[in-house]
Every structure is written in C-alpha cells, then in structure tokens.
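Me: I'm new to this structure and would like a close look at one part of it. Could you pick a spot inside the protein and walk me through what surrounds it?

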Amino acid sequence: MTDLLARAEQDPASLTRTDLVRLLSVADGAPFAALEAAARRVREAHTGKAVYLRGLIEMGNRCAKDCRYCGLRRSNRALHRYTIPEADCLRMARWARDHGYGSIVLQSGELESEENTARIERILRALRAEDGEQLGITLSLGEQTPEVYRRWREAGADRYLLRIETSDPRLYAALHPADHSFTRRLDCLRALRTLGYQVGTGVMIGLPGQTLEQLADDLLFFRREEIDMIGMGPWLPHRAAPLGQGTELTPTFCARQLGLGLRMIAAARLLLPTCNIAAATALQALQDDGRERGLRAGANVVMPNITDRLYRADYQLYENKPCIGEDPLKCRGCLEARIRLAGCTVAWHTPGTPKHYQEAQ
Ligand code: SF4
C-alpha cells in the first residue's frame, strides 16, 4: 500500500482499476489513515486548504421522474409538493452573496417544460443583472435538451451538476424505471461540456449489490468524461422509495457506508487532483462529523443548505437528512468552526472555480 500511495501521489495517471479497488478496500486503522493523509497532501498541493461554499437553494420538489431510490419520486403521493416563488429564490441567493458565499446551487426535481425553463432564465438574468459574474451559479435541475442548457448558460449559469448515479448501465437500469435512459443522461453531461459549463457529476456509494469494481469504474468515468466537480455520497434508504426497503440505519450499516464514502473521496482526490470534490451532506447523516471527515479525506467543497426552513422537510432525497431545522445564519457559524476543525479554511467571497476547469480553458 505504501508503494501504491507514493505512486498515486507522483503519477495519478498511472492508477488502474485494480489500483483503485485496492484503495477502496484499504483496511481501517493505519492503512486508512495513510490513504487519507496522502489524499490531503494531494489536495493541499493542488487546491490548498481552502474550502469553497456552495449555498444550496432547494427551489422545488416537484419531479417528473421516478428514480427507485429517491424520496421526491413522482410516485410518492404522500409528499407535500412546493415551488418556491421567484422573488424568494432571489432573496435567498442575495442572502448567500451578502454573507460571503462565493457560489450558489439552484436545485429542484426534474421538470421539462417551457414554463420551468423560462422561470429559471428569469431568475438567472435577475441575479446576473445585480452581480455581474461575481457569484458562481450552479444549476442542478436534471436532464434537459441542449437548447434548454444553452438558454440557461446564456442567462448566466456557469456550472451544472448532473449525477450519473452509477457509470454501470446495468446497475443504472436496476435503479430506474424503464423510461429513464442512461444514454440520455450521458448525452446531457456531454452537451453541458460542449456548452462551456463547469460540469459536475457523482454517484451513489454503497448501493445494494454494488461492487468495488463498479465504484472504481465510476472514478475512471469521472476521468474519462473530464468532470470538473464531483458530488457523490453514500446511498441512504428512503421509506417512500422501493430500493433497499427494510434497510435500517444500524450502526454497522452507517459505519460501512461512511467508510466507503470516505474511501471514494480519498481515491477520487488521488486520481483527479485538480477537481473540486464535495463533502456530501449524506456523510453527516451517517455521523455527526461526517462532512468534516470528508474534508479530512480530501474533499474541498461543502454545500450548506440555505433554503428557508419552511421548505426543507419536504426536500428529502433520503431520510435522516441533517440541519433540516437549522437557521442558515447558525449553520454558517457552525460550519466555519467545523471546517477549521478539519484543518481547512473557508474561502469566503470566492466562487472557487475548479482548477481542472481552469486548466482546460
Ligand atoms: S433523483 Fe432527482 S430525478 Fe430522480 S426522482 Fe429524485 S429528484 Fe427526481
């Protein structure tokens, strides 16, 4: 393992699928500590100790899709559905900007309609009219046509997050109903790159039946598709979703999912030194300091939820989501302290464009 870590630090391009599986299966204790330490050294060499904040605005929970793992799926008729009015979205975005968040993420369920496209366009144009190009604006609004992506890019969005969820088409088919297409999602990611977005994707980690080889392939997928931002997190069950029905959040389950999630972050950092990698909120759902542990494993982005508290309980892709009742101002202070404890510093007022993207320009 010592030799593998040394080679990974010096020559990430040499890492193979077999190497990645070895990294993902590293034992707890000293071997895992060595993996994390190597990932931290790589992060600090390429992106420093700075952690970028993305203020997350969950704009609405209506979704046309029916993903088998998600609490927002259209079949969940018990869920109270909401769409935040444009003026309130703008107020939350301004709050983020005025409190030093260098970027925001506008996220919602997937809706393909002219009404939705035009609404997002208006919000983007209003934000850009106020701030020029200061604020990084990420959209996370699912699969759309290239034309819609183009309109949103021209209206001011500069980043797009679209999780592939798994790079294995067969596993993808098992996670989604037959009318959801892996090929379309891949085409969307490629269209986003062509349009000049900073492109983010990610996967679920620790899915029922998923192998370490599939996870290694996910990491190689990020490299092959020239992904700039990685937002991946441990899979967590939701009682309104069919996948993993009956799975309990036992201490053993949580420890396994957290351990695998951290190993994926560390391996991703070694393989892709210049990408932005998020410490997902799902890590915190598994353990109170899960996000800080993600930073210690090599991540450099966190996405604090700045959505009005009124809406947050209705936006749960998985259950046990942390900070649902927290005030954004309190979260802000708590988060800075947590980030410092992880040995990092908050990069306030900084959009945090991934070095991977900058180098490709
Ligand atoms: S994962 Fe996304 S697209 Fe799928 S049901 Fe949930 S919100 Fe909709």
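Reply: Here is a walk around one asparagine, followed by a cavity and a few other places.

Keep in mind that this is a predicted model. Let's start at N300, which sits in the loop between α12 (290–296) and β10 (301–302). Is N300 buried or exposed? N300 counts as buried, because its relative accessibility is 0% and the cut-off for buried is under 20%.

So who keeps N300 company? Setting aside residues up to four places away in sequence, N300 touches R43, T47, A50, V51 and Y52, then R269, C275, N276 and I277, and also L295. Two of these neighbours are worth a second look. The side chain of N300 makes a polar contact of 3.0 Å with the side chain of N276. Another polar contact, of 3.2 Å, links the side chains of N300 and R269. For a sense of scale, take G202: its C-alpha is 15 Å from that of N300, and 98 residues separate the two in sequence.

Now follow N276 to a hollow. How many cavities of 30 Å³ or more turn up in a search of the whole structure? There are two, and the second largest has a volume of about 130 Å³. N276 helps line this second largest cavity, and so does I277, another residue that we met above. The lining also includes R54, V105, T138, L161, M229, I230, G231, A278, V301 and M303. Two elements, β7 (229–230) and β9 (276–277), give two or more residues to that lining. By class, the lining has eight nonpolar residues, three polar ones and one charged one.

With β7 in mind, step back along the chain to E225, which lies in the loop between α9 (212–224) and β7. E225 has a relative accessibility of 12%, so it counts as buried too. Beyond its neighbours within four places in sequence, E225 is in contact with L186, R190 and R193.

One last stop is the ligand. Which residues are around it? They are C63, K65, C67, Y69, C70, L72 and R73. Sorted by class, this shell has five nonpolar and two charged residues, with no polar ones.

To retrace the route: N300 has polar contacts with R269 and N276, and N276 in turn takes part in lining the second largest cavity. If you want to follow along in the 3D view, N300 is a handy place to begin.

Notes
Residues numbered from 1 in each chain as written. Predicted model: local features only at pLDDT ≥ 70, side-chain atom pairs only at ≥ 80, totals over all residues. Heavy atoms only, no water. Near = heavy atom within 4 Å. Nonpolar A, V, L, I, M, F, W, Y, C, P; charged D, E, K, R; others polar. 1 Å grid on protein atoms, 1.4 Å probe; cavity = no way out; pocket = protein on both sides within 12 Å on 5 of 7 lines; lining within 4 Å. Points joined across faces, edges and corners; volume = space filled by probe spheres on them. Helix = DSSP H or I, 4+ residues; strand = E, 2+ residues; numbered from the N terminus. Buried < 20%, exposed > 50% of the residue type's maximum accessible area, 1.4 Å probe, protein only. Contact = heavy atoms within 4.5 Å. Polar contact = N/O pair within 3.5 Å; in protein donor to acceptor, adjacent residues only side chain to side chain.
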